[in-house]
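Subject: Handover of a structure, with findings

Dear colleague,

Please find below the sequence and structure that I am handing over to you. My findings follow directly after them.

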Amino acid sequence: MLRLVVDDHPMGSMQPDVTWPFTDDAFPQGLVAIVQRTVADGSLPALLVIHDQERDWLLADGVHDPNADGASIVCHLDHVLSLDPTVAALAGLPPGHIAERVSGDEPWSIRSWDYEDETPS
């Protein structure tokens, strides 16, 4: 399941004052996201980027469980963009969508997404 959890609580909106779509289709400075540590430290590229229905941003490496204890942190998206500028192309990703890719060199594939999409039937 891709629902990221911080401190054992599902995240609601972390940034109620940030409106989307962003000006100039660019992430605003100071925007925070839930980021898997492997992405935040640059050891792995972001392979999954979710803009959830609450308008929060979640970035994961697509390899490790982002819900494992200590696996994800809240950090400024600017930090991730300095390590992986290709994520900047996703500023226009609408809420309720996911961008995925197989490697850091591949193009993003975008589809609609909901937490319920990840619940086994």
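In which sense do strand β3 and β6 pair, and over how many bridges? Strand β3, residues 32-36, pairs with β6 in the antiparallel sense, and the pairing extends over five bridges. One residue of this pairing can be named: V32 has H76 in β6 as its bridge partner. Before the remaining findings are set out, please note that this is a predicted model.

Confidence

The protein has a mean pLDDT of 86, and 83% of its residues reach 70 or more. Residues 1-12 call for caution, since pLDDT stays under 50 over that stretch. The model nevertheless has 27 contacts beyond four places in sequence for residues 1-12. Where pLDDT is low, the predicted coordinates should not be read in detail. I would ask you to treat the contacts of residues 1-12 accordingly, as pLDDT is under 50 there.

Overall organisation

The secondary structure consists of two helices and eight strands. Along the sequence, these elements follow the pattern β-β-β-α-β-β-β-α-β-β. The protein has 121 residues, of which 40% count as buried. Its exposed surface comes to about 6,600 Å², and carbon and sulfur atoms supply 52% of that area. Among contacts with a separation of 6 or more, 63% are between residues 24 or more positions apart.

The sheet

Six strands form an open sheet with mixed pairing, in the order β6-β3-β5-β4-β7-β8. Strands β6 (72-76) and β8 (109-112) are its edges, each pairing on one side only. From one strand to the next, the twist averages 20°.

Further pairings can be described in the part of the order that runs from β4 through β7 to β8. Strand β4, residues 48-51, runs antiparallel to β7, and four bridges join the two. Within β7, H97 is the bridge partner of H51. Strands β7 and β8 also run antiparallel and are joined by four bridges. In that pairing, A99 stands opposite I110 in β8.

Two buried polar residues

Is S72 in the edge strand β6 buried or exposed? With a relative accessible area of 11%, S72 is buried, because it falls under the 20% cut-off. The side chain of S72 has a polar atom that lies 2.9 Å from the backbone oxygen of P66. S72 and A40 are 32 residues apart along the chain, and their C-alpha atoms are separated by 8.7 Å.

D84 is located in the loop between α2 (77-83) and β7 (97-100). Its relative accessibility is 13%, and D84 therefore counts as buried. The side chain of D84 makes a polar contact with the side chain of R101, at 2.7 Å. Apart from neighbours within four places in sequence, D84 is in contact with P45, A46 and R101. R101 thus appears both in the polar contact of D84 and in its list of contacts.

Backbone features between β2 and β3

Which residues are joined by a cis peptide bond? The bond in question joins W20 and P21, with omega at about 10°. P21 lies in the loop between β2 (9-10) and β3.

D24 and D25 also belong to the loop between β2 and β3. Phi of D24 is near 60°, a positive value in a residue other than glycine. D25 likewise is not a glycine, and its phi is positive at about 55°. As background to these backbone values, most residues other than glycine have a negative phi, and most peptide bonds are trans. With respect to solvent, D24 counts as exposed at 73% relative accessibility, whereas D25 counts as partly exposed at 49%. The two labels follow from the cut-off, because exposed requires over 50%.

In reviewing the model, you may wish to begin with the cis peptide bond between W20 and P21, the positive phi values of D24 and D25, and the polar contact between D84 and R101.

Yours sincerely,
A colleague

Note on methods. Residues are numbered from 1 along each chain as its sequence is written. This is a predicted model: local features need pLDDT of at least 70, side-chain atom pairs count only at pLDDT 80 or more; totals for chains, interfaces and linings use all residues. Side-chain values use heavy atoms; hydrogens and water are left out. pLDDT is the predictor's confidence in each residue, from 0 to 100. Contact means heavy atoms within 4.5 Å. Buried means under 20% relative accessible area, exposed over 50%, partly exposed in between (1.4 Å probe, protein chains only). A polar contact is a pair of N or O atoms within 3.5 Å; within protein, one must be able to donate a hydrogen and the other to accept it, and residues adjacent in sequence count only if both atoms are side-chain atoms. Accessible areas come from the Shrake-Rupley method with a 1.4 Å probe; for residues, only the protein chains shown count as cover. Two strands pair if DSSP finds at least two bridges between them. Axes are lines fitted to C-alpha atoms, for helices over the stretch in contact, and angles run from 0 to 180 degrees between N-to-C directions.
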